[in-house]
Amino acid sequence: MEQQKRRPWRRWVVLVLMIVGFILGGIFVPVKPEITVAAEKLIEEPIVENLFGLGPFYLVNTLPTLVLTILIVLALVYFTNRSLTQSAKTDLVPRGIGNAMEAILEMLYNLTEGSAGKWAKLIFPWFATIMIYVLLANLLKLIPGFESIGVLHHAHGEGHAKELLAGNWYLFTADKGEYILAPFFRGISVDLNFTASLALISVVMIQVIGFRAQGWGYLSKFFNTRRMFKVPFFGAMDFLVGLLELISELSKILSFAFRLFGNMFAGIVLVAIVAGLLGKISILPAMVMMFELFVGVIQAFVFGMLTMVFMAQATQGHGDEHSESH
């Protein structure tokens, strides 16, 4: 058989992109962005002076991203439903986005059923919703323009100079100046308010599912007084272990929130540092962005899987109660 000639065209594509990036890096000098933990204000004045007695409410750059993420989820639901409806009216074979979403959801349901058994139908909607939403939130911030296009504010410390492009559009330069950039969009996974809210929802629903599965007996996991008077010493030990379980359950909020926030925020810092150090050499920052893509997928999967596993564990009996049920 005649061997087919290899045409390494992909190498040439990479080389051309490196050359183009080098040229553009010389024309538009990369500027290291200002890295802040808190979301930046797009408008200095608050939208609401006193929101529910908690203080002023500002328009920060994670709010537009939150709205955009919800719109994307609604669009995904709409087109998936339309695709499956059309398939149901024809040959019952799903195609396009309906086929892709059906495959993803079937995989997630099988994972849930393997861990939760008969409680899979109760746990699956929470697991799938949280995982898909976190995945979209993580991947959305990788779109070009995120965290690089926004409004200029006067810097309170070190800032950058600006250069007029056209109209009211300016470009940062590497020279020192008095301006900093507040991007229009910032990834919501790097906002601790979002990750803490999602963690709170997950932990609250874990308790709700535990009560639905075991009733009031679920509280014996945290306040185990069953053997307190029969065997005082071991009963006291069981009670102390229950209190440790309660502390562990509450600590899940911090664990969930800071795991997702820490990993995604570290990605922003890494990309900014690598891009700032390398300047015109654009291939390594692009490789870091590929790593960020991988981390975003893994973190969404970890957050969803931990939620699902903890929910499945909440449906199981604890200690003596579990042995009695058998």
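Is Phe256 buried or exposed? Phe256 is buried, because its relative accessible area is 2%. That value, like the others in this report, comes from a predicted model. With that in mind, here is a short tour of rings, charges and a surface patch.

## Aromatic pairs

The structure holds 10 aromatic pairs. One of them joins Tyr109 and Phe124 in an edge-to-face arrangement, with 5.2 Å from centre to centre and 80° between the planes. Tyr109 belongs to helix 3 (residues 96-116) and Phe124 to helix 4 (residues 120-140), so this contact ties together parts that are 15 residues apart in sequence. Tyr109 counts as partly exposed because its relative accessibility is 22%, whereas Phe124, at 17%, counts as buried.

Phe256, the residue from the opening question, pairs with Phe310. Their rings are also edge-to-face, at 6.0 Å centre to centre and with 80° between the planes. This pair links distant parts of the chain: Phe256 sits in helix 6 (residues 232-278) and Phe310 in helix 7 (residues 283-314), 54 residues apart. Elsewhere, ring pairs gather Phe211, Trp216, Tyr218 and Phe222 into a cluster.

## Charges over rings

Rings can also have a charged partner in this model, and Phe310 is an example: Lys252 lies over its face, at 3.9 Å from the ring centre. For Tyr58 the partner is Lys41, whose charged end sits over the ring, 3.9 Å from its centre.

## Salt bridges

Four salt bridges are found in the structure. One of them joins Arg186 and Glu40, whose closest N and O atoms are 3.2 Å apart. Arg186 is in the loop between strand 2 (169-183) and helix 5, while Glu40 is in the loop between helix 1 (9-27) and helix 2 (62-89), so the bridge ties together parts that are 146 residues apart in sequence. Arg186 is buried, with a relative accessible area of 4%, and Glu40 counts as buried at 16% relative accessibility.

Glu292 and Lys141 form another salt bridge, with 3.1 Å between the closest N and O atoms. Here too distant parts of the chain are linked: Glu292 is in helix 7 and Lys141 in the loop between helix 4 and strand 1 (150-166), 151 residues apart. Glu292 counts as buried at 3% relative accessibility, and Lys141 counts as buried at 7%.

## A charged network

Lys221 forms a salt bridge with Glu249, and the closest N and O atoms are 3.7 Å apart. Lys221 is found in the loop between helix 5 and helix 6, Glu249 in helix 6, and 28 residues separate them. At 14% relative accessibility, Lys221 counts as buried; Glu249 is buried as well, with a relative accessible area of 4%. Salt bridges with shared partners join Lys221, Glu249 and Lys252 into one network. Lys252 is thus a residue to look at twice, as it also lies over the face of Phe310.

## A nonpolar surface patch

Which residues make the nonpolar surface patch of about 680 Å²? They are Phe211, Trp216, Leu219, Phe223, Met237, Leu240 and Leu243. Helix 6 gives the most to this patch, with three residues. Phe211 and Trp216 also belong to the ring cluster with Tyr218 and Phe222.

Phe223 has its place in the loop between helix 5 (192-214) and helix 6. Phe223 is described as partly exposed because its relative accessible area is 43%.

Definitions and conventions
Residues numbered from 1 in each chain as written. Predicted model: local features only at pLDDT ≥ 70, side-chain atom pairs only at ≥ 80, totals over all residues. Heavy atoms only, no water. Phe/Tyr/Trp six-rings, centres within 6.5 Å; stacked < 30°, edge-to-face > 60°. Helix = DSSP H or I, 4+ residues; strand = E, 2+ residues; numbered from the N terminus. Buried < 20%, exposed > 50% of the residue type's maximum accessible area, 1.4 Å probe, protein only. Lys NZ or Arg CZ within 6 Å of the ring centre and 35° of its normal. Patch = residues over 30% accessible without salt bridge, like charges linked within 9 Å, V, L, I, M, F, W, Y side chains within 5 Å. Areas by Shrake-Rupley, 256 points an atom, 1.4 Å probe, with all protein chains shown as cover. Salt bridge = Lys/Arg side-chain N within 4 Å of Asp/Glu carboxyl O.
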